[in-house]
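Biologist: I haven't looked at this one before, so could you walk me through it slowly?
Modeller: Gladly; let me put it on the screen, and then ask whatever comes to mind.

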Amino acid sequence: MRVTVLGSGTAVPNPERFPAGYLVSEGDFHALIDIGSGVLRRYAATGLDLSDLDAVLLTHYHTDHCADLAILLFALRNPRYLNRPALRILGHAGLKKLLEDLRQAWPWVSAKGYDLQVDEIAPGSFQLGPLEIEAVRIEHTAESLGYRIRSPSGETVAFSGDAVDCPGLRELARDVDLFICDSAFPDEEPGIGHMTPGEAGRAASDAGAKILCLTHFYPECEGRDLIAQAEASFSGQVLMAEDLMVFELS
Ligand SMILES: [Zn+2]
Ligand SMILES: [Zn+2]
């Protein structure tokens, strides 16, 4: 299983870090976890075409995590994607209303010439192509979910989405090979509704994660040693996400 960081940034524009988005690939199956603005440009930089995209999982509906949904749906109206394989979009309650509201604003994002499957999911496990997904309730917004993903050969990755320190993070990241965790503000300047590196390190340590990848950096993180802050409470490997960083889990 390959995990590619497409956006390690936030709602505040940063030329190096696009808003939230990650690509999980297993063979020729490709799923996006979140799709913030600009994430489709990063997706194109991986060499994949939109005809290769099978699914989009959303952690929640803040705009820095889903703004490119409209861009995706409009792009898929291009005749080149006529009769492309079905696209699945999954998220917690509220997803269907969000898509309906987008269609109200922009009628031209309606699916045409391919099958669009939209599923509102509750916390729990389900199969998505070759991937085993576990959706876990995370505290951030009323609809926030984290995703724990297991490949057919047993590698695991967990995505916190935006989060505050909560029991769901430990459940999500238990014994995972890679934990990609919100670390939006430094320990000395914590922000409401988000994690700090110290909190991410403690959650990763409690959960028994092997590698902790910090992500979703607001400008307050600039110039701070976030890795040292996480390492204060986590003895495994700590990395800072960068756009187009690739993890090969095998
Ligand atoms: Zn959020
Ligand atoms: Zn966010």
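Biologist: What radius of gyration does the protein chain have, and what would a compact globule have?
Modeller: This is a predicted model, and in it the protein chain has a radius of gyration of 17 Å, which agrees with the value near 18 Å that a compact globule of 250 residues would have. Along its principal axes, the C-alpha trace spans about 55 × 40 × 35 Å.

Biologist: And how many of its residues count as buried?
Modeller: Of the 250 residues in the protein chain, 48% count as buried. Looking at contacts with a separation of 6 or more, residues 24 or more positions apart account for 63% of them.

Biologist: OK, how many helices and strands are there?
Modeller: There are 7 helices and 14 strands in the protein chain. One open sheet takes 7 strands in the order β6-β5-β4-β3-β2-β1-β14, with mixed pairing. Its edge strands are β6 (116–120) and β14 (246–248), each of which pairs on one side only, and neighbouring strands of this sheet are turned by 15° against each other on average, direction ignored.

Biologist: Which helix packs on that sheet?
Modeller: Helix α4, residues 95–105, packs on it and touches β5 (87–91) and β6, and the direction of α4 makes about 135° with that of β6.

Biologist: How do β2 and β3 run, parallel or antiparallel?
Modeller: Strand β2 (residues 21–26) and strand β3 (residues 29–35) run antiparallel and are joined by 6 bridges. Within that pair, E26 stands opposite F29 of β3.

Biologist: And what order do the strands take in the sheet that has β7 in it?
Modeller: That one is an open sheet of 7 strands with mixed pairing, in the order β7-β8-β9-β10-β11-β12-β13. β7 (124–128) and β13 (237–240) stand at the edges with a single partner strand each, so one side of each is left without a neighbour in the sheet. On average, neighbouring strands of this sheet are turned by 20° against each other, direction ignored.

Biologist: Which residue stands opposite E134?
Modeller: E134 faces R148 in β9. Strands β8 (residues 131–137) and β9 (residues 145–150) pair in the antiparallel sense over 6 bridges.

Biologist: Switching to helices, is α6 mostly covered or mostly open?
Modeller: Helix α6, residues 197–207, is mostly covered, with 8 of its 11 residues buried. Those buried residues are P197, G198, E199, A200, G201, A203, A204 and A207.

Biologist: What do they pack against?
Modeller: The buried residues of α6 pack against two helices, α5 (167–172) and α7 (226–231), and against the strands β11 (178–182) and β12 (211–215). Just after α6 comes G208, which takes a positive phi of about 80°.

Biologist: One last spot: where does V39 sit, and why does it count as buried?
Modeller: V39 lies in helix α1, which covers residues 39–45. V39 counts as buried because it has 30 C-beta neighbours inside 10 Å, where 20 or more are needed.

Biologist: Which residues does V39 touch, leaving out those up to four places away in sequence?
Modeller: With those left out, V39 touches L6, G7, F18, P19, G21 and D68. As for S8, its C-alpha atom is separated from that of V39 by 9.9 Å, and the two residues are 31 residues apart along the chain.

Methods. Residues are numbered from 1 along each chain as its sequence is written. Chains are lettered from A and ligands numbered from 1 in the order in which they are written. This is a predicted model: local features need pLDDT of at least 70, side-chain atom pairs count only at pLDDT 80 or more; totals for chains, interfaces and linings use all residues. A residue is buried if 20 or more other C-beta atoms lie within 10 Å of its own, exposed if 12 or fewer, and partly exposed in between; C-beta atoms are placed from the backbone. Helices (H or I, at least four residues) and strands (E, at least two) are DSSP runs, numbered from the N terminus. Two residues are in contact if their C-beta atoms, placed from the backbone, lie within 7 Å. Two strands pair if DSSP finds at least two bridges between them. Axes are lines fitted to C-alpha atoms, for helices over the stretch in contact, and angles run from 0 to 180 degrees between N-to-C directions. The radius of gyration is taken over C-alpha atoms; the globule rule is 2.2 Å times the number of residues to the power 0.38.
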